[in-house]
Every structure is written in structure tokens, then in C-alpha cells.
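Welcome! Here are some short exercises to work through with the sequence and the model at hand.

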Amino acid sequence: MSRANDSNIVKVQYNSDKNLNARQAFHNECSINKYGWTNWIFDQYNFKPNSKVIEFGCGNGSIWVKNKNRIPKDINVILTDFSEGMLNSAKNKLSDVKEIVNYSVMDIQNIEFEDNYFDVVIANHMLYHVPNRELAISEIARILKSDGTFYATTNGANNMKGLKDLVTKFDAQSNYKMFSITKEFGLENGEEQLKKHFNSIEKVIYEDSLHITNPKPLVDYILSLEGHTNINTIMTEKKVTDFYRYLEDIISKDGSIDIPKSSGMFIAKNPKK
Ligand SMILES: C[S@@+](CC[C@H](N)C(=O)[O-])C[C@H]1O[C@@H](n2cnc3c(N)ncnc32)[C@H](O)[C@@H]1O
């Protein structure tokens, strides 16, 4: 177990949608690819007529919220997350979407559906938080129909490279630590883990990077990483103000702060039964 999948830390991070909202706002404002991550993800989904769909770790449901008018009318979707706060956030935003037939608090390590039940299973940006990922992936293969599809997004090792330097250059004494989620389940090692339970795995990459000209969403992003980093032990109120000024100075000198992103999706088919 690492800090990325320590349940106590993960539960605090996702107790409500506050932290995830801050990160999504940052990406929305500063990403150079204006097509948008949520649109791109929905483009990858292939829903056959009358598909039964389940998503694990749905978070605030942003992918469904942003694509409300693209959801096929004949599919049935169940949204699940182990955080009640997150699930309530999704439910509030999606109450008018009839195709989402159920919302359920559920840990992906404890799936109670019968074998060969779903046409589509989704687990976006969440497998790296799961301590017994081997069990979770085998359970996904079990509940998927033989011709079903599993979609899982994650990040690559180079995602947000340079972010740590910004904090450590601001305060060299800070001992800032970022806990790697991609070592658990990332674009580089995800296929290896999926292939134990799926015969066919494709990896698709979303090209993007961040161009930051306003420090506010970046500061909010960095502060949202409680648990993923030790930021809360470093940033006192006074330090946040100083950090804000530090970033403003870099932006006025260089014109912007530019940070690479690395994100994509695994599309796994033909589950091993
Ligand atoms: C980074 S967020 C991703 C949310 C959403 N899938 C997205 O892509 O925007 C990770 C989500 O996974 C949930 N989660 C973490 N561990 C989980 C587990 N073992 N079972 C179910 N959900 C979990 C968290 O509560 C959180 O909502």
C-alpha cells in the first residue's frame, strides 16, 4: 500500500466534491486543448442499443453532466462511488437524466452484481486509489458480458511535471512531497495489470497541456491535493499569500507558466472468464 491508495487518506480527499471541483476548474481554465477532456472521453464510449452501464468512482459525475444531451435514450446507467459526498454531488447535478437509473455507494473491491451482467463498465481516474486492484479488475471482468467493454482513464508519469518544482523553488525548506498515483495504475503500467483479465487492450492518449496566466486556479489546484501531497502541512495562510505573489511574479516575467499533461484511456475487451 502507498499513500495513493491508503483508504483513510483517499476518503478524506474525496469526502466531498470540493477538491475535485478545484482541479476540474483549473483544467477547464488552463488547458490548451479546448475540445475538452469530458467530450473526448464520451467520444470513446461505444454504447450498443439497450446497453447496461455501470461506473465505479464516478466522482461528481462531470462526464455525464457535460454530455447530458449525448446520452443514448435506450441505455441504463448505474453510477457508484465509495464516497457518499461525491455520489450526492453527481445525483444533484444529474437528477433530470432519466437514463441514470440508480446511484449507489459502492467500493469497487466489493461488487455484488451477477456474472456477465453489464455491457459497459467505466472506472475513470480511480483504479490507482484501489488497494486490492487485482481483485477489482477481476471483478470487472466477471460482471462484464463477453462482448462488453471496460473503459479506464488515468494519467501518465509525466503528468504535471514541473508542478513540484514550483513549490520547492518557492520554499526550499518545505520538504514538499507528491505521492505518485501513476506508479499504482498509470498509462505506463496499466496494460500489464489489465492483461491478466482481458484479452484485448487498447490505449488512447488525449493530447493536452496547461498554459497558466492566472495564479488563482493553480493555487486552488495545489491546495486541493491534500493527502496526495503534504501541502496542508506546508501552506499556512501567510504562505499561501506569498506563494500567490511568487506565481504572479513568474507570470509577469515569463508571460505564463506552462506545464505538460499526460492522460489517456485504456479500452479493454474480451474479458477472460
Ligand atoms: C479522481 S476522482 C475521479 C472521479 C471521476 N471518475 C472523474 O474521472 O472525474 C476518484 C474517485 O474515485 C472514488 N474512489 C476511490 N477509491 C474508491 C473505491 N475503492 N471504490 C469506489 N470509488 C472509489 C473517489 O471517491 C473519487 O470520487
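A polar contact is a pair of N or O atoms within 3.5 Å; within protein, one must be able to donate a hydrogen and the other to accept it, and residues adjacent in sequence count only if both atoms are side-chain atoms. This is a predicted model, where local features need pLDDT of at least 70, side-chain atom pairs count only at pLDDT 80 or more, and totals for chains, interfaces and linings use all residues. Residues are numbered from 1 along each chain as its sequence is written, and side-chain values use heavy atoms, with hydrogens and water left out.

**Exercise 1.** Find the polar contacts of the ligand with F82, N124 and D81.

*Solution.* Start with the nitrogen atoms: one ligand nitrogen is 3.3 Å from a polar backbone atom of F82. A ligand nitrogen also lies 2.9 Å from a polar backbone atom of N124. Then turn to oxygen: a ligand oxygen is 2.6 Å from a side-chain N or O atom of D81. The protein covers 96% of the 600 Å² of accessible area (Shrake-Rupley method, 1.4 Å probe) that the ligand has on its own.

**Exercise 2.** How many disulfides does a search of the whole structure find?

*Solution.* Look for cysteine sulfur pairs within 2.5 Å, the cut-off for a disulfide. The search finds zero.

**Exercise 3.** Are C30 and C58 buried or exposed?

*Solution.* Buried means under 20% relative accessible area, exposed over 50%, and partly exposed in between (1.4 Å probe, protein chains only). C30 has 3%, so C30 is buried. C58 is at 7% relative accessibility, so C58 is buried too.
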